[in-house]
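Biologist: I have a new model open on my screen and would like to learn how to read it. Could you walk me through it, feature by feature?

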Amino acid sequence: MRRVSDRAEAFTDSVIRRMTRISDEYGAINLSQGFPDFDPPREILDALEKVVYAGPHQYSITFGAKNLRDALARKHEKTVGRQVDPETEVLVTCGSTEAMICAMMSICNPGDKVMVFSPFYENYGADAILAGAEPIYIPLVPPDYGFDIRLVEQGFREGAKAIIICNPSNPCGKVFLQEELEAIGALAVAYDAFVVTDEVYEYLVYPPYTHTCMASLPGMYEHTITCNSLSKTYSITGWRLGYLIGPAEIVEAAKKIHDFLTVGAAAPLQEAAVTALQLPDSYYEELRALYTRKREYMLTGLDRIGLKHNIPQGTYFVLVDIREFLELPQFAGYTDLEFCEWMIREIGVAAVPGSSFFHEEVNHLIRLHFARSEDTLREALKRLEKLAALIR
Ligand SMILES: Cc1ncc(COP(=O)(O)O)c(C=O)c1O
């Protein structure tokens with residue numbers, strides 16, 4: 001008898017997280033899994049310190065501490081321009097990761113189709129399998145990662161229950177234009193389907209691009225399940241705090257799934273996180289300015305050493321083209337994964353192989369992130385110069 005379920009065998013562990021483990025093993029600079037190497041805002045740390053002795057230390061209400069749900073509802077109200085009920089429309093989860101799987105499990109029956117843009121954040125593949133859904137991939141076409149809306153319509157026509165939109169997109173850095181979202185939204189309404197959005201990088205958008213929240217578009221609130229997170233916005237990826245906001249009927253379903261999956265997110269961290277949501281608007285402007293500088297530093301650094309890359313419109317990721325390396329005799333037959341493993345060992349920089357984000361056969365891209373201090377990025381670029389020298 002096979003001891004492991006078909007479901008568990010249908011996907012591999014996360015390549016992103018695997019690269020972090022290999023990176024740690026070799027003491028490389030980890031530009032693979034996206035998380036910052038700098039501290040969260042002081043206000044949040046002070047709040048956490050207070051919580052240590054004042055509590056809470058027991059379970060919060062399973063769908064999220066009331067004060068955090070209230071704060072999240074107020075935040076979302078400002079974005080979507082309508083009232084959001086913290087009792088029925090907000091669910092606090094263990095990161096956007098859990099929000100996404102709860103969203104998928106709330107709306108999908110086994111065999112339901114769900115559209116996913118490719119490249120995609122690798123979790124969505126596993127989310128679809130765990131929810132029993134069958135993905136229909138819609139290519140995002142470089143260099144701007146545009147897409148053919150006719151394929152989206154075709155997907156809905158074939159019965160897709162939902163479309164997943166990562167906006168801004170990991171790994172390609174695409175920021176969906178309002179017109180693109182309106183076109184997708186109109187189809188979702190016409191076919192009475194859902195849009196599941198993953199908006200964890202909502203503040204990491206670089207001029208001239210701006211982030212549009214799908215749920216804020218006319219008629220879209222009832223058709224959108226917004227998944228989001230405190231991880232990236234407040235540099236607290238280890239706190240595992242995210243949320244899902246949407247129509248009450250869906251959130252009620254997601255609450256049940258969440259309850260039996262995790263019972264709830266960590267109560268003391270939820271309490272401290274309320275402070276994060278009270279930070280002034282200037283915090284978000286400074287965050288954007290900080291990442292704009294890091295992006296500039298990274299992209300000009302890559303240009304200087306001669307590595308070809310895309311220009312991310314948002315997020316803190318950049319895709320580097322490794323085609324020229326793979327043409328060298330020493331890398332003959334290498335997959336992008338093998339190339340990344342070699343890079344960790346020989347160059348001392350960890351990246352994620354692009355193939356883990358694509359449905360199509362793609363072997364020529366690797367993803368680096370720049371959520372690192374300038375000193376670390378300088379050292380990483382110095383090491384990458386050794387790599388670039390191979391193709392000069
Ligand atoms: C697009 C996207 N969604 C979700 C996550 C995970 O977010 P969380 O830490 O809230 O689970 C990540 C992390 O890299 C991500 O890139």
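Modeller: Happily! Let's begin with how two helices cross. This is a predicted model, and in it α5 crosses α9 in the right-handed sense.

Biologist: At what angle do α5 and α9 pack, and how far apart are their axes?

Modeller: Helix α5 covers residues 95–107 and helix α9 covers residues 248–262. They pack at about 120 degrees, and their axes are 8 Å apart. An angle over 145 degrees would count as roughly antiparallel, so α5 and α9 are described as oblique to each other.

Biologist: Which residues of α5 and α9 meet?

Modeller: From α5 come E98, C102, A103, M105, S106 and I107. On the α9 side you will find I250, A253, A254, I257, H258, L261 and T262. Sorted by class, this contact has nine nonpolar residues, three polar and one charged.

Biologist: Now a second pair. How do α4 and α10 pack?

Modeller: Helix α4 (residues 66–80) and helix α10 (residues 267–277) make an angle of about 25 degrees, with 9 Å between their axes. Angles under 35 degrees count as roughly parallel, and therefore α4 is roughly parallel to α10. Their crossing is left-handed. N67, L68, A71, L72 and K75 of α4 make the contact with Q270, A273, V274 and L277 of α10. The classes here are six nonpolar, two polar and one charged.

Biologist: And is the crossing of α2 and α13 left-handed or right-handed?

Modeller: α2 and α13 cross in the right-handed sense. Helix α13 spans residues 336–347, and α2 packs with it at about 25 degrees, the axes lying 9 Å apart. These two helices are therefore roughly parallel to each other. In the contact, M19, I22, S23 and Y26 of α2 meet C340, E341, I344 and R345 of α13. Five of these residues are nonpolar, one is polar and two are charged.

Biologist: Let's turn to sheets. What holds the strands of a sheet together?

Modeller: The general idea is that strands pair through backbone hydrogen bonds, in either a parallel or an antiparallel way. Here, one open sheet has seven strands in the order β2-β8-β7-β6-β5-β3-β4, and its pairing is mixed.

Biologist: Which strands stand at the edges of that sheet?

Modeller: Those are β2 (90–93) and β4 (134–139). Each has a single partner strand, so one side of each lacks a neighbour in the sheet. From one strand to the next, the twist averages 20 degrees.

Biologist: Could you show me one pair in detail?

Modeller: Take β3, residues 113–118: β3 pairs with β4 in the parallel sense over six bridges. To find your place on screen, look for V116, which stands opposite Y137 in β4.

Biologist: Which helices pack on this sheet?

Modeller: We can look at two. Helix α5, from our opening example, touches β2, β5 (162–166), β6 (194–198), β7 (224–229) and β8 (242–245). The direction of α5 makes about 30 degrees with that of β8. Helix α7 (residues 149–157) touches β3, β4 and β5, and its direction makes about 165 degrees with that of β4.

Biologist: What is the strand order in the sheet of three strands?

Modeller: The order is β9-β12-β11, in an open sheet with antiparallel pairing. At its edges stand β9 (317–321) and β11 (352–353); each has a single partner, so one side of each is without a neighbour in the sheet. Five bridges join β9 to β12 (residues 365–369) in the antiparallel sense, and D321 stands opposite L365 in β12.

Biologist: Finally, how is the chain divided into domains?

Modeller: The domain assignment gives domain 1 as 6–40 + 282–391 and domain 2 as 58–279. Their C-alpha centres lie 25 Å apart. Across the boundary, 32 residues of domain 1 are in contact with 32 residues of domain 2.

Biologist: Which element gives the most residues on the side of domain 1 that touches domain 2?

Modeller: That is α11, with seven residues. The elements giving two or more residues to this side are α2 (15–26), α11 (281–305) and β9. By class, this side of domain 1 has 18 nonpolar, eight polar and six charged residues.

How values were computed
Residues numbered from 1 in each chain as written. Predicted model: local features only at pLDDT ≥ 70, side-chain atom pairs only at ≥ 80, totals over all residues. Pairing = 2+ DSSP bridges. Helix = DSSP H or I, 4+ residues; strand = E, 2+ residues; numbered from the N terminus. Axes fitted to C-alpha atoms, helices over the stretch in contact; angles between N-to-C directions. Parallel < 35°, antiparallel > 145°, perpendicular 65-115°, else oblique. Left-handed = near helix turned anticlockwise from the far one by under 90°. Contact = placed C-beta atoms within 7 Å. Nonpolar A, V, L, I, M, F, W, Y, C, P; charged D, E, K, R; others polar. Domains from an automatic or database assignment.
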